[in-house]
Amino acid sequence: MGYLGNAWGHFKTINRHKWEVMKNCFRIGLYKQGLLHDLSKYSWTEFKTGIKYYRGYRSPNTVERLETGLSPAWLHHKGRNKHHFEYWVDYDLEKKGTMVGCRMPYRYVAEMFCDRVAASKVYKGKDYDDSCPWEYFQPTKDSPLLHPVTRKELTELLLMLKDEGEEKTFRYLRSEVRRRRKAHDHF
C-alpha cells in the first residue's frame, strides 16, 4: 500500500477508533472526554507515523517502536492524553532516580477502559469478543508505572467485561462514574 493508501487507511482507523471510544464514553456519562478523546492523533507528529507505519491490524506506534526502537509519536501521544497510565508517571520522592506510576483519577481509568475496548474492536474486527481487552492488558498489567489502585480498578473492569459481558460492565461503570463524581472521590 502506498503513501496515499496508508494515509487513508490510517485516517479511517483512527476515526473508527475515536467513534467507538466516543460511544463508550457517552454510555457512561463522560461526554466531554468522549468528544476530545485522542485528538492528538490528528497532529502531524502522530499522523505522519500512522502513514509510514500503518498496517491496519496494530498500532503504527507499536510498529515504529519494533522497527526503530523508539516512537516519537507515542511519546507525543501519551504525554497529551490522560487516559494512558504512562501519562501519570513521576519521580518517586522516597527512592531518588526512580519513576513510579501515580494514581489516575477514576474518570481517566474509565476512559482507558473505553479506549481498550474500542482498540480491541477496531484491531480484532470480527474476531473480537469480550475477553480481547483483558488479553490486550496482559503485557502491561505488571508494569511498575501502573499505580496499584489504578491496576486494581482497570483489572476489575476488564474482568467484569470478560466474565459478565458488555451490558453489565457499562451499566456498572456508568453508576460508578456518577457515584464518584457526586462523592468527589478521586474523580
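The crossing of helix H6 (106-124) and helix H8 (148-164) is right-handed. This comes from a predicted model. H6 and H8 pack at an angle of about 40°, and their axes lie 10 Å apart. That angle makes H6 oblique to H8. From H6, the contact draws on Tyr106, Val109, Met112, Phe113, Arg116 and Val117. H8 answers with Thr150, Glu153, Leu154, Leu157, Leu158 and Leu161. By class, the contact of H6 with H8 holds 9 nonpolar, 1 polar and 2 charged residues.

**The nonpolar core**

In soluble globular proteins, nonpolar side chains tend to be buried together. Here, the largest nonpolar core has 28 residues. Which of its residues touch the most other members? They are Ile28, Met104, Phe113, Leu154, Leu173 and Val177. Several helices each supply at least two residues of this core: H1 (3-27), H6 (106-124), H7 (132-137), H8 (148-164) and H9 (166-183). H6 gives the most, with 9 residues. Leu173 touches Ile28, Tyr106, Ala110, Phe113 and Leu157, leaving out residues up to four places away in sequence. Phe113 and Leu154 also take part in the contact of H6 with H8.

**H3 against H4**

A second helix pair is H3 (44-53) and H4 (residues 60-68). Their axes come within 8 Å and cross at roughly 70°. An angle from 65 to 115 degrees counts as roughly perpendicular, so H3 is roughly perpendicular to H4. Thr49, Gly50 and Tyr53 of H3 meet Pro60, Asn61, Val63, Glu64, Glu67 and Thr68 of H4. The contact of H3 with H4 divides into 3 nonpolar, 4 polar and 2 charged residues.

**Four single residues**

The table gives place and accessibility for four residues.

| Residue | Place | Relative accessibility | Class |
|---|---|---|---|
| Tyr31 | helix H2 | 43% | partly exposed |
| Gln33 | helix H2 | 12% | buried |
| Asp38 | loop between H2 and H3 | 3% | buried |
| Ser71 | loop between H4 and H5 | 1% | buried |

Tyr31 and Gln33 sit in helix H2. Buried means under 20% relative accessible area. At 12%, Gln33 therefore counts as buried. Tyr31, at 43%, counts as partly exposed. Tyr31 is in contact with Phe26 and Arg174, setting aside neighbours within four places in sequence. Gln33 touches Cys25, Arg107, Tyr108 and Glu111, not counting residues up to four places away in sequence. Where does Lys82 stand relative to Gln33? Gln33 and Lys82 are 49 residues apart in sequence, and their C-alpha atoms are 9.9 Å apart in space.

Asp38 belongs to the loop between helix H2 (31-36) and helix H3 (44-53). What is its backbone angle phi? Asp38 has a positive phi of about 55°, although it is not a glycine. Most residues other than glycine have a negative phi. At 3% relative accessibility, Asp38 counts as buried.

Ser71 lies in the loop between H4 and helix H5 (72-78). Is Ser71 buried or exposed? Ser71 counts as buried because its relative accessibility is 1%. Leaving aside neighbours within four places in sequence, Ser71 is in contact with Asn61, Glu64 and Arg65. Of these partners, Asn61 and Glu64 also belong to the contact of H3 with H4.

Note on methods: Residues numbered from 1 in each chain as written. Predicted model: local features only at pLDDT ≥ 70, side-chain atom pairs only at ≥ 80, totals over all residues. Heavy atoms only, no water. Core = buried A, V, L, I, M, F, W, Y, C linked by side-chain atoms within 4.5 Å. Buried < 20%, exposed > 50% of the residue type's maximum accessible area, 1.4 Å probe, protein only. Helix = DSSP H or I, 4+ residues; strand = E, 2+ residues; numbered from the N terminus. Contact = heavy atoms within 4.5 Å. Axes fitted to C-alpha atoms, helices over the stretch in contact; angles between N-to-C directions. Parallel < 35°, antiparallel > 145°, perpendicular 65-115°, else oblique. Left-handed = near helix turned anticlockwise from the far one by under 90°. Nonpolar A, V, L, I, M, F, W, Y, C, P; charged D, E, K, R; others polar.
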